Amino acid sequence: MTVKNEKSDDGKRNEGDASKEAVTADNASNNGLWGSDMYPERKGAKQKRSWFNLLIGAAGRESIDKVKCEENVYRCIKDSPIVKLMVGALKSSGCEIDMRRHISCEVCNPLVTGGYDSELNQVVICQNMAHSENIVRGVLLHEMIHMFDYCRNKLDMKNIDHLACTEIRAANIGHCSFISSMLQGDSSFINIKATHQNCVKHKAKMSVMAVHTVSEEVANAAIERVFTKCYNDLEPIGRRIRRNSDDMPRAYAEAHLYGYNC
Ligand SMILES: [Zn+2]
């Protein structure tokens, strides 16, 4: 799950509130994962239309968002080196992606920007939250790591250690790798390493807590149990980067475009 970047645009919500609200949202429906309120369209619910929405001109917004979101997905799959890497890795692992079947733009709870539905093997891009191509690219990379883990390791999202592992990998290969690349030059190697590991642990914790209704302690414990193994597992990006060393610097160079606050 890609949890909305805590320090991004609205600035009204601090990290603590975001995690609390995410967990509360799961509590409210009391059945975790895809039964939660994070992805209402997964349950077949249509977004409520009200006279108020009509008056403020928000009605009809969903279809505009959807078209924009699908255009952004298409552009990322066609042009982004790192997304193309993931598509290639999935294909060579026997899990070829059909954009229309495996990627879905939907309206989500505003606390999340994306998700991976292992039951349907589908990546969800939150069309109401991921407005730019750069955010869509970040979400695609993150969720495709989950898809890759599901394809390769029969990931069980209901097992908290499995979930912690794939969230560690997604944070490590995605969001946090761009942050560490930006720190280079003004920090020592030791500092970069510590900052990077903290970034991965924090991001993974936020995602685990948004998917499972667990306390921070339980989430942290799961992350610590699997951290070393999963942090050092850079498949498929690590292996591929060594083979084609141009891709990662290019991805790093684009990092400021990804819509993350670093
Ligand atoms: Zn995730």
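**View 1. Strand 3 and strand 4 run antiparallel, joined by four bridges.** Strands here are DSSP E runs of at least two residues and helices are H or I runs of at least four, both numbered from the N terminus; two strands count as paired if DSSP finds at least two bridges between them. This is a predicted model, so to speak of local features takes a pLDDT of at least 70 and side-chain atom pairs count only at pLDDT 80 or more, while totals for chains, interfaces and linings use all residues. Residues are numbered from 1 along each chain as its sequence is written. Look for D117, whose bridge partner in strand 4 is Q122. The hairpin has four residues between the strands.

**View 2. N121 sits in the loop between strand 3 and strand 4.** Its phi is near 50 degrees, a positive value in a residue other than glycine. Most residues other than glycine have a negative phi. N121 has 14 C-beta neighbours inside 10 Å, so it counts as partly exposed. For burial, C-beta atoms are placed from the backbone: a residue with 20 or more other C-beta atoms within 10 Å of its own is buried, one with 12 or fewer is exposed, and anything in between is partly exposed.

**View 3. Zoom out a little and the four strands make an open, mixed sheet in the order 1-3-4-2.** Strand 1 (2-3) and strand 2 (103-106) are the edges, each pairing on one side only. Strand 2 pairs with strand 4 (residues 122-126) in the parallel sense, over four bridges. One pair to pick out is S104 with its bridge partner V124 in strand 4. Four of the five residues of strand 4 are buried, so this strand is largely enclosed by the rest of the structure.

**View 4. Helix 3 and helix 6 both meet the sheet.** Helix 3 (residues 61-79) lies across strand 2 and strand 4, at about 150 degrees to strand 2. Helix 6 packs on the sheet too, touching strand 1, strand 3 (112-117) and strand 4, and its direction makes about 25 degrees with that of strand 3. Contact means C-beta atoms, placed from the backbone, within 7 Å. Axes are lines fitted to C-alpha atoms, for helices over the stretch in contact, with angles from 0 to 180 degrees between N-to-C directions.

**View 5. Helix 3 packs on helix 6 at about 65 degrees, with the axes 9 Å apart.** That makes helix 3 roughly perpendicular to helix 6, a label covering 65 to 115 degrees. The crossing is right-handed, meaning that the near helix is turned clockwise from the far one by less than a right angle. At the meeting point, C69, N72, V73, R75 and C76 come from helix 3, and E133, V136, R137 and L140 from helix 6.

**View 6. I125, A164 and V208 touch the most other members of the largest nonpolar core, which has 59 residues.** Helix 6 (residues 133-153) gives the most to this core, with nine residues. Such a core is a set of buried Ala, Val, Leu, Ile, Met, Phe, Trp, Tyr and Cys residues joined through C-beta atoms within 7 Å. Leaving out residues up to four places away in sequence, I125 touches C69, V73, I103, C105, G114, A130, V136 and V139.

**View 7. The peptide bond from E235 to P236 is cis.** Omega is near -5 degrees here. P236 is found in the loop between helix 10 (216-231) and helix 11 (237-243).

Notes
Two residues are in contact if their C-beta atoms, placed from the backbone, lie within 7 Å. Angles under 35 degrees count as roughly parallel, over 145 as roughly antiparallel, 65 to 115 as roughly perpendicular and the rest as oblique.
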